[in-house]
Amino acid sequence: MTVAVTGAAGYIGSHVAHLLAEAGIHVLAVDDMSAGLGSRIEQFPLVEIDLARDEAPGVLRAAFAQHQVRAVVHLAARKAVGESVEQPMRYYSQNVTGLANVLTAMQQSGVDRFVFSSSAATYGMPDVDLVSEDQRCEPINPYGETKLVGEWLVRAATRSSDLRAVSLRYFNVAGTGRPELADTVVANLVPILLQRAAEGVPAAVFGDDYPTPDGTCVRDYVHVADLAEAHVRALTYLERDDRPHDVFNVGSGTGASVMDVVEALSRALGQEVATVVEPRRAGDPPRLVASVERISSVLGWHATRDLDEICRSAVEAARAR
Ligand code: WQD
C-alpha cells in the first residue's frame with residue numbers, strides 16, 4: 001500500500017516518510033519544496049505542488065490513482081507563529097485551503113484514511129497543569145487558529161463522508177532521528193540555543209519571572225522520532241472499526257523549563273551554553289504540558305526518548321553538518 005505524505009521534504013514530514021518506508025510502506029511525497037529539502041526525500045516519488053492552488057485536487061487525484069494511494073498523512077503547512085500574525089490571509093490560504101484541497105482530492109478518489117498534523121497552538125494559554133484534549137481551545141494567533149479550523153474541517157469531512165481521520169496535536173518537537181533529516185530552520189528553542197553556542201554568543205531566555213519552579217517557561221519537548229511513530233500508530237488505529245476519539249495530544253507528558261533545556265544541551269555539547277535573560281515574549285504561556293493519557297491508552301503510544309536524548313541527537317546532527 002502507498003501512503004501520501006504531504007510536507008514530506010520537511011523536518012517532521014521526512015521523519016514520518018522514512019519511518020513508513022522502514023515499515024515496508026510505499027511513500028508518495030507531496031511538497032511545494034518552498035522550505036523542504038530534496039535530499040531528505042531522494043528515494044520517494046515526488047509530486048511538487050502548492051496545495052492551495054486551484055489545480056491541486058486534480059493533480060492529487062491523478063497521483064493518488066497512479067500510485068494507488070490508500071491513506072494520507074498531511075503535514076504540509078506554514079508554521080511560523082510570528083509570520084502568521086503578519087500574514088494571516090497567507091496562513092489561512094495555505095493551511096486551510098490547502099487542507100480542503102487535499103480532502104477534496106481524497107473524497108473524489110475514494111481515499112479514506114487521514115492523519116492531520118495539528119498543534120498544541122490550538123490550546124492558546126490554558127491555565128492547567130496538564131492539558132487534555134477536552135480542554136477548551138482558544139488559540140491566540142492565526143497559526144493556531146488555522147490548525148483548529150483544520151481540525152473542524154477534518155471532523156466535518158468524517159461526518160459527511162466515509163473518511164476516517166485523526167488529528168495529532170504536536171507539542172514542542174525537537175531532536176532528530178537521523179542527522180540528514182535534522183531541522184535546518186533556526187526558529188525554535190533547541191536550534192536557536194545550538195546556533196548561539198556555535199557563534200559563541202549568549203542565547204536569549206525570554207523571561208525568568210514566570211510562576212514556574214525556576215521562573216522560565218515550561219514546555220513539553222517530544223523527540224521527532226517518537227512523534228513519527230505516533231503517525232504510524234494513528235494509521236493503524238484508523239483500520240479499526242471502534243474508533244472512539246479523533247484528536248490526540250502528542251507530547252512526553254513531562255514539563256521542561258527553558259533552563260532545563262539549556263542544561264541538557266550543555267551536557268550534550270560538553271560545554272556551558274551561555275544565556276542572557278531578556279523580557280518576556282508576547283503570547284508565551286508560562287506552562288504548556290500535554291496530558292498523554294488518551295494517546296497512551298487508545299493508541300498505545302508514549303514517548304520513549306527523553307530531553308537528554310533529544311539534545312544529544314540535535315548536537316550529533318549539528319556536528320555532522
Ligand atoms: C520554547 C520556549 C520560549 C526562543 C512553538 C509554537 C507552537 C508549536 C511549537 C508548531 C518558550 C523560549 C525560545 C529563544 C527562549 N509549533 N525561548 N529563547 O513557542 O513553545 O511553541 O513551537 O506547532 O505552536 O508556538 O516554541 O521553541 O519558540 O519556544 O527563551 O530564543 O523557549 O519563550 O518558552 P513555543 P519555541
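Colleague: Which elements each supply at least two residues of the shell around the ligand?
Modeller: Helix H6 and strand E8 do. Bear in mind that this is a predicted model.

Colleague: And which element gives the most to that shell?
Modeller: E8, with 3 residues.

Colleague: What is the shell like by class?
Modeller: It has 11 nonpolar, 3 polar and 3 charged residues.

Colleague: Which residues come nearest to the ligand?
Modeller: Of the 17 around it, Tyr143, Ala204, Arg219, Arg281 and Asp284.

Colleague: Take Arg219. How far is its polar side-chain atom from an oxygen atom of the ligand?
Modeller: The distance is 2.6 Å. Asn172 also places a polar side-chain atom by a ligand oxygen, at 3.0 Å. With Phe206 the polar atom belongs to the backbone, and the ligand oxygen is 2.9 Å away.

Colleague: How much of the ligand does the protein bury?
Modeller: 87% of the 680 Å² that the ligand exposes when taken alone.

Colleague: Back to H6. Which of its residues are buried?
Modeller: H6 covers residues 189-199. Its buried residues are Leu189, Val190, Pro191, Leu193, Leu194 and Ala197.

Colleague: What do they pack against?
Modeller: Three strands and two helices. The strands are E7 (172-174), E8 (203-206) and E10 (221-223). The helices are H8 (258-269) and H10 (307-320).

Colleague: Some of those positions are three or four apart. Why does that matter in an α-helix?
Modeller: There are 3.6 residues a turn, so residues at that spacing point the same way.

Colleague: What happens just after H6?
Modeller: Gly200 takes a positive phi there, about 75°.

Colleague: Now the sheet with E9. What is the strand order?
Modeller: E12-E9-E14, an open sheet of 3 strands with mixed pairing. E12 (256-257) and E14 (287-288) are the edge strands, each pairing on one side only.

Colleague: How do E9 and E14 pair?
Modeller: In the parallel sense, over 2 bridges. E9 is residues 218-219. Arg219 stands opposite Leu288 in E14, and that same Arg219 has the 2.6 Å approach to the ligand.

Colleague: Switching to E6. Is that strand mostly covered or open, and how many of its residues are buried?
Modeller: Mostly covered: 7 of 7, across residues 164-170.

Colleague: Which residues sit on which side?
Modeller: Arg164, Val166, Leu168 and Tyr170 are on one side. Ala165, Ser167 and Arg169 are on the other. Both faces are covered.

Colleague: How does E5 pair with E6?
Modeller: E5 (residues 113-119) runs parallel to E6, over 7 bridges. One bridge partner pair is Val115 with Val166 in E6.

Terms used: Residues numbered from 1 in each chain as written. Predicted model: local features only at pLDDT ≥ 70, side-chain atom pairs only at ≥ 80, totals over all residues. Heavy atoms only, no water. Buried < 20%, exposed > 50% of the residue type's maximum accessible area, 1.4 Å probe, protein only. Helix = DSSP H or I, 4+ residues; strand = E, 2+ residues; numbered from the N terminus. Contact = heavy atoms within 4.5 Å. Near = heavy atom within 4 Å. Polar contact = N/O pair within 3.5 Å; in protein donor to acceptor, adjacent residues only side chain to side chain. Areas by Shrake-Rupley, 256 points an atom, 1.4 Å probe, with all protein chains shown as cover. Nonpolar A, V, L, I, M, F, W, Y, C, P; charged D, E, K, R; others polar. Pairing = 2+ DSSP bridges.
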